[in-house]
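Work through these exercises with the structure open beside you. Try each task before you read its solution.

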Amino acid sequence: MSDRKRAVQARIYGKVQGVGYRIWARGEATGLGLVGWVRNERDGSVTAWLAGADAAVSAMIERLWQGPQGASISRIDVEEIETWTAPGDFRIVA
């Protein structure tokens with residue numbers, strides 16, 4: 001297995017606010033050993049910043065399409081982050 005590290009910023013669109021998406025995302029990311037954060041955006045989307053092992057980041061991107069019960073994802077834009085400093089855990093931020 002590769003030790004390659006990766007960081008991405010994902011913007012999730014659809015019905016993702018008011019359904020527990022941030023809490024769900026924190027649990028999924030923590031379970032995969034990722035660090036970063038997730039937050040609601042004013043336009044109704046959610047942004048997640050994910051960092052960790054390449055395979056775990058890829059797995060989380062796939063999980064973002066599922067979301068918690070009640071979520072309906074219409075689009076996810078993923079941007080690779082080349083230079084980054086990660087927090088020591090995964091947080092929900094305002």
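**Exercise 1. Find the strands that helix H2 lies across, and give its angle to S3.**

Solution. Step one: locate helix H2 at residues 54-64 of this predicted model. Step two: look at what the helix lies across. The strands are S1, S3 and S4. Step three: compare directions. H2 runs at about 155° to S3.

**Exercise 2. Do the same for H1, taking its angle to S5.**

Solution. Step one: list the strands. H1 lies across strand S1 (5-15), S2, S3, S4 and S5. Step two: take the angle. H1 runs at about 175° to S5.

**Exercise 3. Write down the strand order of the sheet and name its edge strands.**

Solution. Step one: read across the sheet. It is open and has five strands, in the order S4-S1-S3-S2-S5. Step two: look at both ends. Strand S4 (72-80) and strand S5 (90-92) are the edge strands, since each pairs on one side only. Step three: add the twist. From one strand to the next, it averages 20°.

**Exercise 4. Explain why the pairing in this sheet is called mixed.**

Solution. Step one: recall the background. Strands in a sheet pair through backbone hydrogen bonds, in a parallel or an antiparallel sense. Step two: check S1 and S3. They pair in the antiparallel sense over eight bridges. Step three: check S2 and S3. These also run antiparallel, joined by six bridges. Step four: check S2 and S5. Here the sense is parallel, over three bridges. Both senses have now turned up, and the sheet is described as having mixed pairing.

**Exercise 5. Match residues to their partners across the strands: which residue of S3 stands opposite Val38, and which opposite Trp37?**

Solution. Step one: start with Val38. Ala48 in S3 stands opposite. Step two: move to Trp37. Its opposite residue in S3 is Trp49. Step three: try Arg39, which faces Thr47 in S3. Step four: turn to Gln9. This residue stands opposite Trp49 in S3. Step five: go to S5, where Phe90 is the bridge partner of Gly36.

**Exercise 6. Decide how well S3 is covered.**

Solution. Count the buried residues. Seven of the eight residues of S3 are buried. The strand is mostly covered.

**Exercise 7. Show that the buried residues of H1 share one side of the helix.**

Solution. Step one: list them. Tyr21, Trp24, Ala25 and Ala29 are buried in H1. Step two: take their arc around the axis. They cover only 125°, so they lie on the same side of H1. Step three: look at the other side. Ile23 and Gly31 are exposed there. Step four: ask what covers the buried residues. The cover includes S1, S2, S3, H2, S4 and S5. Step five: go just past the helix. Gly33 takes a positive phi of about 80°.

**Exercise 8. Find the aromatic pair and describe its geometry.**

Solution. Step one: search the whole structure. One aromatic pair is found. Step two: name the partners. They are Tyr21 and Trp24, 5.3 Å centre to centre. Step three: use the angle. The planes are 55° apart, and the pair is tilted. Step four: place the pair in the sequence. Tyr21 and Trp24 are three residues apart in helix H1 (residues 21-31), so about one helical turn separates them. Step five: check burial. Tyr21 counts as buried because its relative accessibility is 1%. Trp24 is buried too, with a relative accessible area of 17%.

**Exercise 9. Say where Arg75 sits relative to Tyr13.**

Solution. Look at the ring of Tyr13. Arg75 lies over its face, at 4.0 Å from the ring centre.

**Exercise 10. Is Glu41 buried or exposed?**

Solution. Step one: place the residue. Glu41 lies in the loop between strand S2 (35-40) and strand S3 (46-53). Step two: apply the cut-off. Buried means under 20% relative accessible area. Glu41 has 17%, so it is buried. Step three: list its contacts, leaving aside neighbours within four places in sequence. They are Arg11, Gln17, Val46 and Thr47. Step four: look along the hairpin of S2 and S3. It has five residues between the strands, and Gly44 takes a positive phi near 95°.

Definitions and conventions:
Residues numbered from 1 in each chain as written. Predicted model: local features only at pLDDT ≥ 70, side-chain atom pairs only at ≥ 80, totals over all residues. Heavy atoms only, no water. Helix = DSSP H or I, 4+ residues; strand = E, 2+ residues; numbered from the N terminus. Buried < 20%, exposed > 50% of the residue type's maximum accessible area, 1.4 Å probe, protein only. Contact = heavy atoms within 4.5 Å. Phe/Tyr/Trp six-rings, centres within 6.5 Å; stacked < 30°, edge-to-face > 60°. Lys NZ or Arg CZ within 6 Å of the ring centre and 35° of its normal. Pairing = 2+ DSSP bridges. Axes fitted to C-alpha atoms, helices over the stretch in contact; angles between N-to-C directions. Arc of directions from axis to C-beta.
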